[in-house]
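Subject: Structure for your review

Dear colleague,

Please find below the structure I mentioned, handed over together with its sequence. My notes on what was found in it follow directly after.

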Amino acid sequence: MMNPAKIFQMKALWDRFTANHPKFPKFLEAAARSSIDEGTVLEVKIIKPNGDEIASNLRLTAEDMELFRELRDFSGMG
């Protein structure tokens, strides 16, 4: 069961994060509108201040798409 106090805390943290990084929520909105389908490749790259990098990617499966639909419905972005 979700703790309502924790949800409010997460909302406050998210609001602060998006205020500090306004392009990121716009990116997420654009990604949600872009019709991500099964077979889409998601890639994440992290670059540390010292220049070290790490990257990974994954190809979405039908099971992954179910999770994305649920997250979209939960977030109200769908």
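In this predicted model, Lys11 and Asp15 form a salt bridge in which the closest N and O atoms are 2.8 Å apart. Both residues belong to helix α1, where they sit four residues apart, or about one turn of the helix. The spacing fits the general geometry, because an α-helix has 3.6 residues a turn, so residues three or four places apart point the same way. Neither end of this bridge falls in the buried class, since that class requires a relative accessible area under 20%: Lys11 is partly exposed at 46%, and Asp15 is partly exposed at 36%.

Asp15 also takes part in a second interaction, this time through its backbone, as its backbone oxygen is reached by the side chain of Thr18 at 3.0 Å. Thr18 is likewise a residue of helix α1, but with a relative accessibility of 17% Thr18 counts as buried.

As for the helix itself, α1 covers residues 4–20, which is 17 residues, and extends 25 Å from its first C-alpha to its last, close to the 24 Å expected at 1.5 Å a residue. At the start of α1, a side-chain oxygen of Asn3 comes to within 2.9 Å of the backbone nitrogen of Ala5.

The count of salt bridges comes to two, and the other one joins the side chains of Lys45 and Glu53, with an N to O distance of 3.2 Å. Here Lys45 and Glu53 are both exposed.

That second bridge leads to the strands. Strand β1 spans residues 41–47 and strand β2 spans residues 53–59, and the two pair in the antiparallel sense over seven bridges. One of the bridge partnerships sets Ile46 against Ile54 in β2. Five residues lie between the strands of this hairpin, and in the hairpin Gly51 adopts a positive phi near 95 degrees. Strand β2 is hardly covered, given that the count of buried residues among its seven residues is zero.

Turning to the aromatic residues, how many aromatic pairs does a search of the whole structure find? The search returns four. In one of them, Trp14 and Phe24, the ring centres are 6.5 Å apart and the planes stand at 65 degrees, so the pair is edge-to-face. This pair links distant parts of the chain, with Trp14 in helix α1 and Phe24 in helix α2 (residues 23–33), ten residues apart. In another, Phe17 and Phe24, the centres are 5.8 Å apart and the planes lie at 90 degrees, so this pair is also edge-to-face. You may wish to keep in mind that 6.5 Å is the limit within which ring centres must lie to be paired, and that the Trp14 and Phe24 centres are given as 6.5 Å apart.

Ring pairs connect Trp14, Phe17, Phe24 and Phe27 into a cluster. Trp14 is partly exposed at 38% relative accessibility, as is Phe24 with a relative accessible area of 35%, and Phe17 is partly exposed too, with 34%.

Two further positions were looked at individually. Gly39 lies in the loop between α2 and β1, and with a relative accessible area of 28% Gly39 is partly exposed. Once its neighbours within four places in sequence are left aside, Gly39 is in contact with Arg59 and Leu60. The C-alpha atoms of Gly39 and Pro22, by comparison, are separated by 29 Å, although these residues are 17 residues apart along the chain.

The other position is Glu63, which is placed in helix α3 (residues 62–75). Glu63 is exposed, having a relative accessible area of 66%. From Glu63 to Ala12 the C-alpha to C-alpha distance is 31 Å, and the two are 51 residues apart in sequence.

With best regards

Terms used:
Residues numbered from 1 in each chain as written. Predicted model: local features only at pLDDT ≥ 70, side-chain atom pairs only at ≥ 80, totals over all residues. Heavy atoms only, no water. Expected span 1.5 Å × (residues − 1). Polar contact = N/O pair within 3.5 Å; in protein donor to acceptor, adjacent residues only side chain to side chain. Phe/Tyr/Trp six-rings, centres within 6.5 Å; stacked < 30°, edge-to-face > 60°. Buried < 20%, exposed > 50% of the residue type's maximum accessible area, 1.4 Å probe, protein only. Contact = heavy atoms within 4.5 Å. Salt bridge = Lys/Arg side-chain N within 4 Å of Asp/Glu carboxyl O. Pairing = 2+ DSSP bridges.
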